[in-house]
Every structure is written in structure tokens, then in C-alpha cells.
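The exercises that follow are meant to be worked with the sequence and the structure side by side. Try each task before reading its solution.

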Amino acid sequence: EPHSVSSLWYSNGQDHVFDLNPGPTKNPHYPWEAQIDQLYDEGAATVDETKRKAIYGQFQQVETDQELMIFLPIPYYVSAVRNTVGNARPSAYSALGSSWNSWELYKK
């Protein structure tokens with residue numbers, strides 16, 4: 001469901017991490033932001049699956065043309081461990097960071 005990530009793409013979305021909008025209302029700075037807001041509004045109000053697919057396809061084209069984000073296949077995590085924890089082996093590829101091997105950790 002494309003609308004499930006609307007908070008990332010709406011100009012006033014909570015997760016909108018590029019070209020940050022200081023206010024709680026939609027206030028797009030660029031024409032493509034207004035177009036994304038409009039397309040997401042249309043997609044949310046349309047129940048016809050074929051029309052929704054076309055609307056979100058237009059959104060994907062805008063996002064691709066503007067090169068807003070580059071999604072990497074593997075996120076990279078940073079973690080820290082106190083020197084009082086033994087057998088810590090932090091992983092940069094796990095959302096669990098330094099606790100992926102929690103059954104092996106001990107306090108020094």
C-alpha cells in the first residue's frame with residue numbers, strides 16, 4: 001500500500017527528511033512537492049485499483065525524476081557498547097546493533 005509511507009512524502013509529513021517544512025500544514029517549497037502532495041491526496045481518495053495504480057505510478061515518476069532519495073538495499077547501523085560488557089560483537093548490518101548476540105553478553 002503506497003499510502004502507508006505518506007508521512008515520508010507529504011511536504012508536512014512527520015518523516016519528511018528532505019527540504020524540511022517548519023510548519024504543521026502543507027507548505028511545499030517546490031512545484032514537485034505540491035505535485036506529490038496532490039498525487040497522494042488523489043491516491044487516498046480513489047478506490048478504483050487501476051486509477052490508484054496510475055496515480056502512484058505518476059508519483060514514482062516524479063520521485064525518480066527529482067532523485068529525492070537513494071534507497072540502499074542494506075541499511076547501515078552504528079552502535080556503541082560500554083567497556084564493561086564482555087563478548088560484544090556489534091553488527092553494522094543489524095537493527096539490533098550490539099544486542100543481536102544478547103545470549104552471549106556478560107558484565108565484566
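**Exercise 1. Asn-101 and the loop around it**

Decide whether Asn-101 is buried or exposed, and find which residues Asn-101 touches beyond those up to four places away in sequence.

Solution. Bear in mind throughout that this is a predicted model. Begin with accessibility: the relative accessible area of Asn-101 is 0%, and because buried means under 20%, Asn-101 counts as buried. Next, locate the residue, which sits in the loop between strand 1 and strand 2. Finally, list its contacts, leaving out residues up to four places away in sequence: Asn-101 touches Asn-87 and Arg-89.

**Exercise 2. The salt bridges**

State how many salt bridges a search of the whole structure finds, and describe where the partners of each one lie along the chain.

Solution. The search of the whole structure finds two salt bridges. In one of them, Glu-1 pairs with Arg-52, and the closest N and O atoms are 2.7 Å apart. This pair links distant parts of the chain, since Glu-1 belongs to the segment before helix 1 and Arg-52 to helix 3, with their positions 51 residues apart. Glu-1 counts as exposed, at 56% relative accessibility.

In the other, Glu-104 pairs with Arg-89, with the closest N and O atoms 2.3 Å apart. Both partners lie in the loop between strand 1 and strand 2, so the salt bridge ties together parts that are 15 residues apart in sequence. Glu-104 is partly exposed, at 27% relative accessibility, and Arg-89 is likewise partly exposed, at 39%.

**Exercise 3. The two sides of helix 2**

Check whether the length of helix 2 agrees or disagrees with its number of residues, then work out which residues of helix 2 are buried and what they pack against.

Solution. Start with the length: helix 2 covers residues 31–45, and at 1.5 Å a residue its 15 residues should span 21 Å, which agrees with the 21 Å between its end C-alpha atoms. Then collect the buried residues, which are Trp-32, Glu-33, Ile-36, Asp-37, Leu-39, Tyr-40 and Gly-43. These residues cover an arc of only 165° around the axis, which places them on the same side of helix 2. The face turned away from that buried side carries the exposed residues Pro-31 and Ala-45. As the last step, look for the packing partners: the buried residues of helix 2 pack against helix 1 (6–9) and helix 3 (49–66).

**Exercise 4. Glu-63 in helix 3**

Find how Glu-63 is placed relative to Trp-32, and which residues are in contact with Glu-63 beyond its neighbours within four places in sequence.

Solution. Glu-63 is found in helix 3 and is buried, because its relative accessible area is 13%. Its C-alpha atom is separated by 8.5 Å from that of Trp-32, although the two residues are 31 residues apart along the chain. Setting aside the neighbours within four places in sequence, Glu-63 is in contact with Trp-9, Leu-68, Met-69 and Phe-71.

**Exercise 5. A patch on the surface**

Identify which residues form a nonpolar patch on the surface.

Solution. The patch consists of Leu-96, Trp-100 and Trp-103, which together have about 370 Å² of accessible area. Of these, Trp-100 can be placed in the loop between strand 1 (85–86) and strand 2 (106–107), and at 30% relative accessibility Trp-100 counts as partly exposed.

Methods
Residues are numbered from 1 along each chain as its sequence is written. This is a predicted model: local features need pLDDT of at least 70, side-chain atom pairs count only at pLDDT 80 or more; totals for chains, interfaces and linings use all residues. Side-chain values use heavy atoms; hydrogens and water are left out. Patches are made of residues with over 30% relative accessible area and no salt bridge: like charges are joined within 9 Å, nonpolar side chains (Val, Leu, Ile, Met, Phe, Trp, Tyr) within 5 Å. Accessible areas come from the Shrake-Rupley method with a 1.4 Å probe; for residues, only the protein chains shown count as cover. A salt bridge is a side-chain nitrogen of Lys or Arg within 4 Å of a carboxyl oxygen of Asp or Glu. Helices (H or I, at least four residues) and strands (E, at least two) are DSSP runs, numbered from the N terminus. Buried means under 20% relative accessible area, exposed over 50%, partly exposed in between (1.4 Å probe, protein chains only). Contact means heavy atoms within 4.5 Å. The expected span of a helix is 1.5 Å times one less than its number of residues. The arc is that of the directions from the helix axis to the C-beta atoms.
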